[in-house]
Amino acid sequence: MNDVAKASFIERAATATPAPVARVVKGLSDRAIAWLFISPTIILLLAINIFPLVWTIQLSFTNYRANRPNAEVKNIGIDHFQSILTDPDVWAAMQATAHFVFWTILIQTILGFALAYLVDRRFRGHGFWTTVILIPMMLSPAVVGNFWAFLYQPQIGLFNYVISFFTGLDPSSFEMIGSVKLAPWAIVLVDTWMWTPYVMLICLAGLRSIPEYIYEAAEVDRASKWRQFWTITLPMALPFIMLAVLFRGIENFKMFDLVNLLTNGGPGSTTEVASITLKREAFEKWRTGYSSAFAIILFVTVFGLANIYVKALNKVKSR
Amino acid sequence: MSRGISHAHSIVEPGPLSRNIAGIIVIVYAVVALVPLAWIFLTSIKTPPDSISYPPKVIFDPSLEGYCNLFTTRSRQTAEYLETLAPPSGLCEKIARDRNMVIVGPSNYAPRFLNSLIIAFGSTALSVLLGTAAAYGFSRFKVPLKDDLLFFILSTRMMPPIAVAIPIFLMYRELGLSDTKLGMILLYTAVNVSLAVWLLKGFIDEIPREYEEAAMIDGYTRLQAFFRVVLPQATTGIVATAIFCLIFAWNEYAFAVLLTSGEAQTAPPFIPTIIGEGGQDWPAVAAGTTLFLVPILVFTVLLRKQLLRGITFGAVRK
């Protein structure tokens with residue numbers, strides 16, 4: 001690509017009239033600059049994102065195991081894909097992921113939008129409190145998630161104590177991360193605590209993008225606040241809400257750190273989301289070929305869903 | 001955000017009552033959300049017995065034992081042996097003696113923390129450099145397949161980190177980049193640069209082209225116009241982008257836990273492995289967590305304006 005740019009640069013230098021030539025030679029042609037500026041990023045992404053992806057695809061058709069680099073590698077076709085798609089454990093992992101993604105997004109969107117709406121009332125000190133609310137999302141999910149395991153301890157944890165204080169339940173009678181029923185909600189709660197601020201910020205941007213004069217016109221027409229909310233605020237903020245849902249959806253589909261440290265997929269495999277299964281297959285059982293195939297299935301799923309979603313988003317935007 | 005325009009007499013301004021109610025709800029939420037963080041700090045200045053007492057203690061004698069344990073490794077000794085030793089010299093040594101221990105050396109926390117600093121700042125600098133250049137390229141020039149390239153750059157973020165880690169693990173093993181700081185810097189840069197390009201393109205798109213064109217008519221070359229006209233205008237955007245890259249690299253766990261174990265290990269995979277006798281040493285874990293979170297807390301408060309602008313970029317129009 002650089003050669004093409006160079007060629008055109010020489011071509012332009014040769015054909016230009018004398019006066020601008022000096023400038024073009026001194027300053028490179030626009031096309032040369034464009035490629036000079038863009039290509040390092042593209043090269044880095046090719047080396048660290050695309051090449052590994054291609055390698056993953058190739059490995060997914062083999063029985064390669066990373067802990068046995070000298071063993072003979074056999075091409076086994078689509079065997080891995082077949083066994084993954086018919087494996088009940090994989091479907092259980094997909095269900096755990098779906099549960100996690102669905103509930104985190106639902107709760108965070110409602111909570112985040114509500115908070116944004118309230119912050120947009122511009123009460124005294126709203127800037128300061130917005131910053132305070134932001135803090136959890138800035139922190140490391142792994143480091144903080146690890147500490148939530150302490151808060152969730154049945155006898156000594158603060159969370160159980162607070163719940164028992166308000167409900168009268170015995171604090172050692174329930175285990176947030178030790179019980180099959182509660183563990184999926186334990187991770188939903190921590191993720192919501194961390195990421196509601198993010199949804200709030202994007203919604204806030206949406207609310208602030210609505211021009212004042214629309215509300216003024218609505219006031220002149222004597223539309224009620226309730227009606228203004230449903231006919232102006234919500235529809236006009238919808239593209240932003242959908243964007244927040246997209247970002248959170250992609251992130252939580254890939255969820256690893258928080259779950260790995262809070263429950264590590266347990267108890268049993270109740271909270272074993274897709275990334276945890278992938279980690280077990282790839283870095284504990286060392287089934288590199290199998291896990292590569294699983295990785296590709298996950299990537300295609302998230303890529304496909306995101307594409308469909310972006311189409312819907314664009315429709316809403318262009319309305 | 002819409003500074004300069006007065007809303008004082010606007011008819012759509014919310015009334016004082018709805019304003020105050022909104023304020024109270026938001027403040028209650030913020031305070032509740034801060035409780036876990038306050039608890040991390042309180043735990044870090046408790047003694048191990050205080051940290052696991054029931055009911056949880058809010059009032060206690062503060063102790064530096066957590067911080068001492070975080071930075072040292074200790075070994076248990078018999079009382080007879082301890083009596084033969086000279087009196088303890090420092091505070092941490094004294095705390096250790098009270099628990100029938102002696103300090104045998106520094107822990108790995110400080111080097112892991114330093115690794116976090118090097119890798120986070122290194123990858124941020126590189127991401128912003130590459131991202132600014134690419135964003136300008138995409139913003140101002142006709143690039144063939146521009147939309148496809150931009151989408152390709154974004155789509156690299158959709159890969160689950162574990163999926164990327166499998167081939168990266170193999171590739172780094174071949175190249176000798178396993179467990180090296182350079183390897184982690186390159187990897188984090190690759191992850192961050194896509195975000196950097198998209199964020200910065202938004203910022204640069206907003207800078208009117210007329211500025212550069214005017215400069216170029218005045219005799220600036222394109223590159224000079226970029227450095228002297230566009231870059232100063234894009235400072236806010238660059239700072240905002242740098243903050244995001246820094247926060248991501250500082251907090252990253254999945255790649256770090258799978259691809260590093262010693263030399264290049266960062267703090268996030270290290271902190272959960274801090275254990276005392278008989279399980280996790282929660283005050284030490286809390287101390288490590290507190291120290292790790294403080295830089296980000298300071299950042300968030302100092303640079304909140306850029307942060308807000310970064311997250312809501314492009315959305316705020318006059």
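Begin by selecting C203(A) and L262(A): these residues have the most contacts inside the largest nonpolar core, which has 165 residues. The model under inspection is predicted, and the tour moves outward from this core to the chains, their confidence and their interface.

**Stop 1: around C203(A)**

Keep C203(A) selected and display its contacts, leaving aside neighbours within four places in sequence. Three of the residues that then appear are G112(A), F113(A) and A116(A). The others in contact with C203(A) are A237(A), F240(A), I241(A) and A244(A).

**Stop 2: chain A as a whole**

Next, select chain A and colour it by secondary structure. How many helices and how many strands does chain A have? There are 14 helices and 0 strands, so the cartoon, read from the N terminus on, shows α elements throughout.

Now consider the overall dimensions. Along the principal axes, the C-alpha atoms of chain A fill a box of roughly 90 × 75 × 30 Å. The radius of gyration of chain A is 26 Å, whereas a compact globule of 319 residues would have a value near 20 Å. Of the 319 residues in this chain, 40% count as buried. Among contacts in chain A with a separation of 6 or more, 69% join residues 24 or more positions apart.

Colour residues 2-59 and residues 80-318 of chain A separately; the domain assignment gives these as domain 1 and domain 2. The centres of the two domains of chain A, taken over C-alpha atoms, are separated by 40 Å.

**Stop 3: confidence in chain A**

Recolour chain A by pLDDT. The mean is 85, and 91% of the residues of chain A reach 70 or more. Which elements of chain A have the lowest and the highest mean pLDDT? Helix α2 (residues 18-27) of chain A has the lowest, at 47, and helix α5 (residues 88-119) of chain A has the highest, at 94.

Then select residues 1-7 of chain A, where the pLDDT is below 50; this stretch has 8 contacts in the model beyond near neighbours in sequence. Residues 13-25 of chain A also have a pLDDT below 50, and that stretch has 8 contacts beyond near neighbours in sequence. Where pLDDT is low, one should not read the predicted coordinates in detail.

**Stop 4: chain B as a whole**

Move to chain B, which contains 16 helices and 4 strands. Its C-alpha atoms fill a box of roughly 85 × 65 × 35 Å along the principal axes. Chain B has a radius of gyration of 26 Å, but a compact globule of 318 residues would have one near 20 Å. Buried residues make up 44% of the 318 residues in chain B. Of the contacts in chain B with a separation of 6 or more, 75% come from residues 24 or more positions apart.

**Stop 5: Y81(B)**

Select Y81(B), which is found in helix α4 (residues 79-84) of chain B. Is Y81(B) buried or exposed? Y81(B) counts as exposed because it has 10 C-beta neighbours inside 10 Å. Add N100(B) to the selection: 19 residues along the chain from Y81(B), it has its C-alpha atom 9.6 Å from that of Y81(B).

**Stop 6: where the chains meet**

Finally, display both chains together. Here 84 residues of chain B are in contact with 79 residues of chain A. Highlight helix α1 (residues 16-44) of chain B, which gives the most to the side of chain B that touches chain A, with 16 residues. Colouring that side by residue type shows 66 nonpolar, 14 polar and 4 charged residues.

Methods
Residues are numbered from 1 along each chain as its sequence is written. Chains are lettered from A and ligands numbered from 1 in the order in which they are written. This is a predicted model: local features need pLDDT of at least 70, side-chain atom pairs count only at pLDDT 80 or more; totals for chains, interfaces and linings use all residues. Two residues are in contact if their C-beta atoms, placed from the backbone, lie within 7 Å. Helices (H or I, at least four residues) and strands (E, at least two) are DSSP runs, numbered from the N terminus. Ala, Val, Leu, Ile, Met, Phe, Trp, Tyr, Cys and Pro count as nonpolar, Asp, Glu, Lys and Arg as charged, and the others, Gly among them, as polar. Domain bounds come from an automatic or database domain assignment. The radius of gyration is taken over C-alpha atoms; the globule rule is 2.2 Å times the number of residues to the power 0.38. A residue is buried if 20 or more other C-beta atoms lie within 10 Å of its own, exposed if 12 or fewer, and partly exposed in between; C-beta atoms are placed from the backbone. pLDDT is the predictor's confidence in each residue, from 0 to 100. A nonpolar core is a set of buried Ala, Val, Leu, Ile, Met, Phe, Trp, Tyr and Cys residues joined through C-beta atoms within 7 Å.
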